[in-house]
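Let's work through a few short exercises together. Have a look at the model first, then try each task before reading its solution.

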Amino acid sequence: MARGAGPALRLLLPLLQLLALPAGRGNRTGAGSLFVSEYFSQSAQRLSFYSWYGNAKVFHFHVPEDTVLLRWLLQASRGKEPECTSMEVTVHFRYGAPPVINPLGTHFPANATVRPSYNISITLSSAVQNTTFVNITTPAAGDWFIAAHLPEAAGRIEVKGFSTPCTYMFQADMFVLRLTDMPVLEPGVAMPQTIVSPAKPLHVKVFVPKYTARMWFELRSCMTSERRACTVRVVLGSITLPQSFQRIITCTGNVNCSVSLDSLPWEKWVQIMVESLGTANASVSLEMLASFTDCRPGSTSSFLNFSSLNQSQAGSGPGSPTPSTGMALRNTSDQRSFCLQNQPVVREDLDVVSVRYRLLNGPSVAVYSISPTLLLLNLNSGMDSGGSLVVNLLLNKTSLSQANATVVACVSAASPVLSLNTTQNCSTAFFQGYPLSLSTSSAEAMLIVLYPQTDDWFLSLQLICPKGQSECNTAEAKVTVIAYLTPCFNDCGPYGQCSLLRRHGYLYAGCSCKAGWSGWSCTDDTKAQSVGAQNLATLLLTLSNLMFLPAIAVAVYRYYLVEASVYTYTMFFSTFYHACDQPGIAVMCIMDYDTLQYCDFLGSVVSIWVTILCMSRVKKILKYVLFVLGSLLIAMSLQLDRRGVWNMMGPCLFALIIMISAWVYHGVKRRHCYPSSWKRWVFYLLPGITLAFIAISVYAFMETNENYYYTHSIWHVLVAGSVAFLLPPRDKHKKPWAWSQKLTCRYQICQNDREELYAVT
């Protein structure tokens, strides 16, 4: 993030003028509070058509504390080229983590939690640029993310340099209005406040201590300056997207107005906004009071029990024996004195966006009915929101004394759920948690949270009996908890590749799918290729390279050994590159994928280079110098830009210039067209040139992701066939297979060489 200025800032100046903010430090009445405006900007990014999450451009901002107004300035623009048409840009917003989006309407993996992202559309029609504002009052402080993308990709494989695609750009800027002296509401102390006018609402905040079970908020002594009954609206909490769980109440008259909130976010500030709904000229005076109900935590073991820590490091699998829980509070009367049972959890950072959580006392935890068992899953490092949080619960059926009992679990962010036994509702004051349940009939449950927001996550477990909690007082259940954070769930499966993406130092992961598979984790098989289709595609792409065998045979027959070696090299690496390039089970890699790809590209371009130079019929010493020098330059060019169109077009054009120049020279010297034989033109050159042009057309304009296996195989066949036609005939003074006799220097051959060497022409 960078604080900057520019054309976008000029668009925000009218907003500052409309606010007409006071310049002096405010007092406790809220009549002259001091506001500070801040502007954050990020560089524009080029938009891409959507085929997987890597095509979405992500912007990461941080909203400071005590922000009362957030305004996004979204600027989308397109180029002025004729290729540019009307386009719709989709922009997604989310608090705490990158947005989970699904523009293609694919299926998510089973047990995954999906909440539709908040999004807007920006249309680029006749205008080159479109500017859109998005306002958010009382936004939550912390990380905010924006993701922008174009519609679904067409699927055509573009050859770099053959076409000039339209450029679509997107930039997001953030303006915040922050209150520097926001009043603090102290628990148990009534605080008088004054709302000057409906246009200037009152903002206060209250800090929620750790182990708070409930907050009671009360508004009383509300009176207008005209001694009339007041009407005010109270908003507790901040706005979070895609869903907001603000608590809103309307208070009318002199009657005290109150609200009770359970499961508040621990160790966080909660914003409270009070705005007058009365006349514009009347001020409102009132009193606010907040009180907390504490929660006394218990613990199933001591966190400093180093012997348990050593045992946890030694055995970590679900099947390992559970250590003795001598410190567990099994006495029912002791359990009643606590509102929750703490289970210590150790966080192990394994790699980027990769964390494992180990329970200090082993993989199993004891679950009771009197109070919930609570586990803390720390995801507040700032780099944990770019992966997937996986929670797997397994019930030990033999440990459950009550056969009809159920273990209810809830995974929630920022706030733990402490009332599972009464409400069985997995919702907190400002967050909707994810419920899970275990029983003897369904002993396993899994939850996958895609891109979990940056915060402290809690896992609450409690035992519930159908006939009432009285029959569960002495019951206990053992639940094995496996929790970890992974970049991609199941590593995107056999038909996907997990890729780490980066935006200004922020890392997040996404799955790129193949073989027709799609979805967030490449689990959607709606358009997936069957195993037979995969095998057929692999056979087509590999066996089509055998069409180089005729070209190799022709080259050897005509004594072009260097050219035959190049064709053999190309056939070998093209075959094994395409065998390694396939997804799923039909894949075989004899060496590193990048090496195979480079060798395939190098062999293809060098094959074209040597073929055209061979057709030019220049002197051998010059031809071999051009062979070596051109191959070295082609290798350098491919290293700089492997997919550049000029890697192939450059050598082709240069070789064609040499060939045409040589043919013109031979034609002028012989005083007739070169090659002179009409049979050479009709039966060899024209068919070869036709095959080459068809091959280039198929390669450049017809290949798509769906027909790649067929069109690229046709490319192999056409190129190899054109080479066999275009190779020039052998020298007239050399007999077929004469090269084999040169392996041993016989007298007659050596005598002929000497005669040619000393011949005077």
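Buried means under 20% relative accessible area, exposed over 50%, and partly exposed in between (1.4 Å probe, protein chains only). This is a predicted model, where local features need pLDDT of at least 70 and side-chain atom pairs count only at pLDDT 80 or more, while totals for chains, interfaces and linings use all residues. Residues are numbered from 1 along each chain as its sequence is written, and side-chain values use heavy atoms, with hydrogens and water left out.

**Exercise 1.** Sort Cys652 and Cys599 as buried or exposed.

*Solution.* Start with Cys652: its relative accessibility is 15%, so it's buried. Next, Cys599 has 11%, so that one is buried too.

**Exercise 2.** Work out the handedness of the link between Cys488 and Cys498.

*Solution.* First, check the bond: a disulfide is a pair of cysteine sulfur atoms within 2.5 Å, and these of Cys488 and Cys498 sit 2.1 Å apart. Then take the S-S torsion of Cys488 and Cys498, about 75 degrees, so the disulfide is right-handed. Finally, look at the surroundings: Cys488 is buried at 6%, whereas Cys498 is partly exposed at 25%.

**Exercise 3.** Do the same for Cys513 and Cys522.

*Solution.* Their sulfur atoms are 2.0 Å apart, forming a disulfide. The angle about the S-S bond of Cys513 and Cys522 is -95 degrees, and the link is left-handed. As for accessibility, Cys513 is partly exposed at 24%, but Cys522 is buried at 5%.
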